[in-house]
Amino acid sequence: MVRKFSFFWLALIISASVAASQGIQTPSQYTGVEVGADYQLIDYNQIVDYLCYLESQSPRIRLENLGETTMGNPFYVAILSSEENIRKLDRIREIQARLSDPRKLSEQEAEALIREGKTVVLLNCAIHSTEIASTQMATILAYNLVTATDPVTREILENVVILLVPAHNPDGQLMVTNWYRKYVHTPFENAPMPFLYHKYVGHDNNRDWFMLTQKETRITVEKLHLTWHPQIVHDLHQMGSSGARFFVPPYIDPIEPNVHPLLISQINMLGETIAAELLREGKTGVVTNAIFDAWTPARAFQHYHGGVRILTEAASARIASPVEIPFEKLRGRGNDYDPKKRSVHFPRPWPGGTWRLKDIIEYELIAVMAELKHAARFREEWLKTFYRIHKENCSWSGKPYAFVIPNDPRKQTEIAELLDVLMTGGVEVYKATRKEEIGGITLSTGDYVIPLAQPYGPFAKALMERQQYPALLDSKGRLKRPYDMTSHNLPLLMGIRIDSIMTKPAQKLQPVVKNEVQPAVSVPEGGRWLAMDPASYGADILAILLEQNGISIFRLQSATEIKGKTFPPGTYVLKRSSKADKLIRKYFSRLPVLLEKLDEAPKGAAWKVRRPRIGLYHGYVPSMDQGWTRWIFEHYGILYEKLGNKDIRKINRKKLDVVIFADYRPASIVRGFQGENVPPEYRGGIGKEGLKALKHFVEQGGTLIAWGNSVQTFVDAFDLKVKNAVKGLKPEEFYVPGSLLRVKVARDVFIGYGYPEETVIFFVRGPVFEAQQGQALARFVEKDPLAMGWLTGPEKIVGKPVALEVPMGKGRVVLFAFRPQFRAQARNSYKFLMNAIQRAAAQKASL
C-alpha cells in the first residue's frame, strides 16, 4: 500500500520545528509565498535573497557569485557542508585537484588525501527554465541542510560538499516566472511564451557541454567543474506529463565509448539507489533504463572528467498549475516501457490523477537526499574511484598515442577555436618544436599535439576520433531512435584535417597556454593590396566586418595567377589603407587568416562586395535555430536587423539586401500562434501578405535565404520547381538523426567559394532536393555519403542537391536542406551562410 504521508516530509517538519526554535525562517516564511503551492512561484531574485539570508544565519552555507549571465544577472552557487568543512573549503578544493591529476602523487599520498577528502556533489537546477520545480526545491533543500540536526543530515554535511546551483539559467527563470505571474488565473494561463527562455539558445543550452559557447556553460565548467572536480553531477530536469512520473538512470544504450566503465557502474548503482529510496517513500511511476541514453558529450561534460552525470526527469505540471491526467491517457515512449504496466524497470505504475508542482518538489527532494546520503556513506569509495579513473587516464597506453593538428596557415581561425574548446574543457595541448617523422606521419614545427595520456584524455578522444553510431535495432528491425545527435567529431564539424600518431614523439613538446595561442599567420608589411585566402570561415566573417566599416572588398571570380602563384576563386582582395590595416589588426586576434601582400591588383573578372544589409526573421513562435543564428552574428559582431511579422509585411528592398529564415515549421512562419489561449498581441504570422511582400523583395533584387523546415514555406509560396526527394519515406527507408554527411561543392560558384571539392555538412531531419530549376551549390557524393553518425537509406540521397540557388526576378532564393550553423557546432558550413550573405551585396566588377 502507498503511504499517503511520507516519512521524508515528517523529517522536514521536525527539522522546521527545530529551525523555528533557532529563529531561522523557512522559504515560505521569508518570501511570503507558499513555496510549492499551486499557482505560486518564487523568482530567482527571491531565491538568491533567501540563500543570502541563510548565509547570514548559519555557518553551514556560503554563497558565491561566479559571474554574469548572458543578460547580466548574477550566477550564484550555494556551497553547503558542515561548519568545519566550510572553514577549509580551499583545502578540500586542493585535494580534489590533486586527485584529479595523479601524475605527481604517490599511492601513499593518494590514500592520505582520500581519507581526508570529501565527496563533492554538484546540483544543477533548471537548466531548462520552464522545468522550474527544482529552483523552488533548492530553497527547501538549503533550508533543511542548514537547520536539520538529525544523524543523516549530520553525516551528509560531515562527508559531502554540496554545490547547489539554484538556477543554471537565471535569465530564463526570471522570464518564465514573470510570464506565468502575468497570466496565471487568466484565459492565457497556459499560453506558450513568444520568446526563448534563454536569450539565444532556449532548450539547447543543455546541448552545449562540449562546444561550450554560452556564458552559463563556461561559468559552470570553469568555476565549478574544473575548480571543484565533483564526483557527482546531478542535472534536475522535467519531461512531458503523460508518461512516468520520474526518470533516473541507468541510461539506455548506447553509452559513448569513452565513458569509463567504472562511471557506468557508478551511474547504475547510484540511480538504482535513488529509485529504491523513492519507492520506499511511497512514490509511484519511477522508471529506469528508459528514454535517455548517454551517447553525446553535448549533454554530459562530467562523464569525461572523472565523475558521474545523474539525470533526473520529473513529469511536468503546467509551470505551477496542476494537471489532470487519467490513468487511461498515460503514454510511454517507443518500446522502452508502458506506463500502465508493471515491469522490471517500472515496478510501481502511477495510478493517474492530479499532478502538482509540489509533487515534483517531493520527488526531487527525496532523490537528492538519497544521492547525498550515498555520497556520504560511501565517501571513500567515491574518492577512490575518482582517483583511479584519472590515474588510468594518465596511464593511457592504447592507440593512438596522440592526435596531431597540422598548423595549416589557411585554417587558423578554425584551429584557434578548436583549441579553445579543448583547453576550456581542461585538455592539455602541446606544440612541436621541430620536424619529426613518426610512423609515416610528419610532425612539423608548430603543429599541435594532444596526447591522450592526461587527466581529461577521454574528453579529447571523444571529440577527436572518428566514431560510428552503433546499430541498435528494435524488434521490427528499425533503428532505435537516438535521444539526440549521433555525431560529435570536432575536426569534421570545423573542417580541419588531423592526424593520429601511435608512439610518443622523441622531442620535448612545448606546452600551450590557454588564451595565449599564437597564430601561424600575421598581417604582412608592405604591398599596396592584400589577398585573403578564402579557405577559412574566419576570412568570410572578417570580410563582412570590414565591409560593415566601409572597406571595399573584391572577390576573384576565377582562379588567377600572380607572379607564379595561383589564387583560387573567391579569394578576397582589398586595397591597403591605414583604416583597413587598423581594422584588420583589431579583429585579427579572434579571426586570424592567411593574408598575402600584393604590389598590384590582380587582373580579371571579380565581384565587388559592399556591406550586406541583413534582416533575420524573428517571429512570435520561438526558434532555437534562429537563436543560434543571432548568437553567431552577435558573437562575431555581424550587424543585422530583427524582422517581426509586421516588418516582413512592409519589407523594403531599398533598406535590406538579404532576409534570412532559420529553421521554422512553415505554419510557424505563416500562421504563427493561434488560439484563444494566446494573448491577442502574440497571435499570427507573416500571412499571405508577408509572403507576397517577400516575393516582391526578391524580384526587386533581394536575396532570401532559408534552411531546414523553412524551405518548404518558400517552395510552396513562390511555386519553385523543387521537391523533397525523401518526403513520405518511413524511418526504415530513410533516417538521419543528426549525422555528418559528405557533399561535393560547386567551388566556382560564389556560395561555394573557399571549399575543397568535397566537404562535410551536419544533416538532421532536413529535406533532400530534386530540382528542375536553379543551380546546385552542393550535392551528396555519389557513393558512401555517411562520414560519421547514422544513415538509413543512403541510396535515397546519393548525388542529390542539398543546397540550391534559384534565380527569381532580379534576385535569388538560396535554400539549404541542412542548418549551416547548427548549434554553433557545425562551423565548417558557416562558409555557405557567409558566402550567401555576401552574394546578396555583390556586383560584378573588374580589378
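Buried residues make up 62% of the 847 residues in this protein. The model is a predicted one. Keep the whole chain on screen for a moment before selecting anything.

**Stop 1: the whole protein**

Show the cartoon. There are 24 helices and 39 strands. Turn the view along the principal axes. The C-alpha atoms fill a box of roughly 85 × 70 × 55 Å. How does the radius of gyration agree with that of a compact globule? With 847 residues, such a globule would have a value near 29 Å, and the protein has 28 Å, so the two agree. Now look at the contacts with a separation of 6 or more. Residues 24 or more positions apart account for 80% of them.

**Stop 2: helix α7**

Select residues 133–147. This is helix α7, with 15 residues. From its first C-alpha to its last, α7 reaches 22 Å, close to the 21 Å expected at 1.5 Å a residue. Is this helix enclosed or open? Buried residues account for 15 of the 15 in α7, so the rest of the structure largely encloses it.

**Stop 3: the cavities**

Next, turn to the empty space inside. Rolling a probe the size of a water molecule over the atoms shows where such space is left. A search of the whole structure finds 5 cavities of 30 Å³ or more.

Begin with the largest cavity. Its volume is about 60 Å³. Select Asn 124, Trp 209, His 225, Val 233 and Asp 235, then add Arg 299, Ala 300, Phe 301, Gln 302 and Arg 309; these residues line the largest cavity. Color the lining by class. It has 4 nonpolar, 3 polar and 3 charged residues.

Move to the second largest cavity. Its volume is about 40 Å³. Select His 128, Asn 206, Arg 207, His 237 and Phe 292, then add Arg 299, Arg 309, Leu 311, Glu 313 and Tyr 483; these residues line the second largest cavity. Here the classes are 3 nonpolar, 3 polar and 4 charged. Which strand gives the largest share of this lining? Strand β10, residues 308–315, contributes 3 residues.

Look again at Arg 299 and Arg 309. Both are in the lining of the largest cavity, and both are also in the lining of the second largest.

**Stop 4: two cis peptide bonds**

Select Pro 249 and Pro 250. The peptide bond from Pro 249 to Pro 250 is cis, with omega near 20 degrees. Pro 250 is in the loop between β6 (246–247) and β7 (252–255). Step along to Asp 253 and Pro 254. The bond from Asp 253 to Pro 254 is cis too, with omega near 5 degrees. Pro 254 is in strand β7.

**Stop 5: positive phi at two isoleucines**

Select Ile 291. Phi is positive here, about 70 degrees, although Ile 291 is not a glycine. Ile 291 lies in the loop between β8 (286–287) and β9 (293–294). Is Ile 291 buried or exposed? Its relative accessible area is 8%, under the 20% cut-off, so Ile 291 is buried.

Then select Ile 319. Phi of Ile 319 is near 60 degrees, again a positive value in a residue other than glycine. Ile 319 lies in the loop between β10 and β11 (323–325).

**Stop 6: His 374**

Select helix α12, residues 357–377, and find His 374 in it. His 374 is buried, with a relative accessible area of 8%. Leave out residues up to four places away in sequence, and show what His 374 touches: Met 269, Leu 270, Thr 273 and Trp 382.

**Stop 7: two distances to draw**

Select Asn 178 in helix α9, residues 170–183. Asn 178 is partly exposed, with a relative accessible area of 44%. Draw a line from its C-alpha to that of Glu 277. These residues are 99 apart along the chain, and their C-alpha atoms are separated by 35 Å.

Finish at Ile 415 in helix α14, residues 412–424. At 2% relative accessibility, Ile 415 counts as buried. Draw a second line, to Val 513. Ile 415 and Val 513 are 98 residues apart in sequence and 14 Å apart in space, C-alpha to C-alpha. Now show the contacts of Ile 415, leaving out residues up to four places away in sequence. Ile 415 touches Ile 405, Pro 406, Asn 407, Asp 408, Tyr 448 and Ile 496.

Terms used. Residues numbered from 1 in each chain as written. Predicted model: local features only at pLDDT ≥ 70, side-chain atom pairs only at ≥ 80, totals over all residues. Heavy atoms only, no water. Helix = DSSP H or I, 4+ residues; strand = E, 2+ residues; numbered from the N terminus. Expected span 1.5 Å × (residues − 1). Buried < 20%, exposed > 50% of the residue type's maximum accessible area, 1.4 Å probe, protein only. 1 Å grid on protein atoms, 1.4 Å probe; cavity = no way out; pocket = protein on both sides within 12 Å on 5 of 7 lines; lining within 4 Å. Points joined across faces, edges and corners; volume = space filled by probe spheres on them. Nonpolar A, V, L, I, M, F, W, Y, C, P; charged D, E, K, R; others polar. Rg over C-alpha atoms; globule rule 2.2 N^0.38 Å. Contact = heavy atoms within 4.5 Å.
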